[in-house]
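My notebook is open, and I have a fresh model to look through. Here is what I looked up, entry by entry.

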Amino acid sequence: MDAITAALVGLAGMLICGGFVWLRSEIVPRLDRMEGLLRPEGERIARLEGRDDALGNG
């Protein structure tokens, strides 16, 4: 009985780890795509803020 319990616990652990690996493989590419969209906007905003600061201090 102990061997069956240990095997079931091991199987559950492998399924949980596999789920985390699958979830990570789904999330990371989405985050990369979002970063690719947001980075140019952030750079544009930083340039505009820098321009406003230069005009305000001038």
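I start with a term: buried means under 20% relative accessible area, exposed means over 50%, and partly exposed lies in between (1.4 Å probe, protein chains only). With a relative accessible area of 48%, R39 is therefore partly exposed. I find R39 in helix 1, helices being DSSP runs of H or I with at least four residues and strands runs of E with at least two, numbered from the N terminus. From R39 to P29 I count 10 residues in sequence and 15 Å in space, C-alpha to C-alpha.

A note on the source: this is a predicted model, where local features need pLDDT of at least 70 and side-chain atom pairs count only at pLDDT 80 or more, while totals for chains, interfaces and linings use all residues. Residues are numbered from 1 along each chain as its sequence is written, and side-chain values use heavy atoms, with hydrogens and water left out.

Next, the overall form. I see one helix and zero strands in the protein. The radius of gyration (over C-alpha atoms) is 24 Å, well over the 10 Å from the globule rule (2.2 Å times the number of residues to the power 0.38) for 58 residues, so the protein is more spread out than a compact globule. Its C-alpha atoms fill a box of roughly 80 × 20 × 5 Å along the principal axes. Buried residues come to 0% of the 58.

Last, I looked up L31. This residue sits in helix 1, which covers residues 2–57, and L31 counts as partly exposed at 47% relative accessibility.
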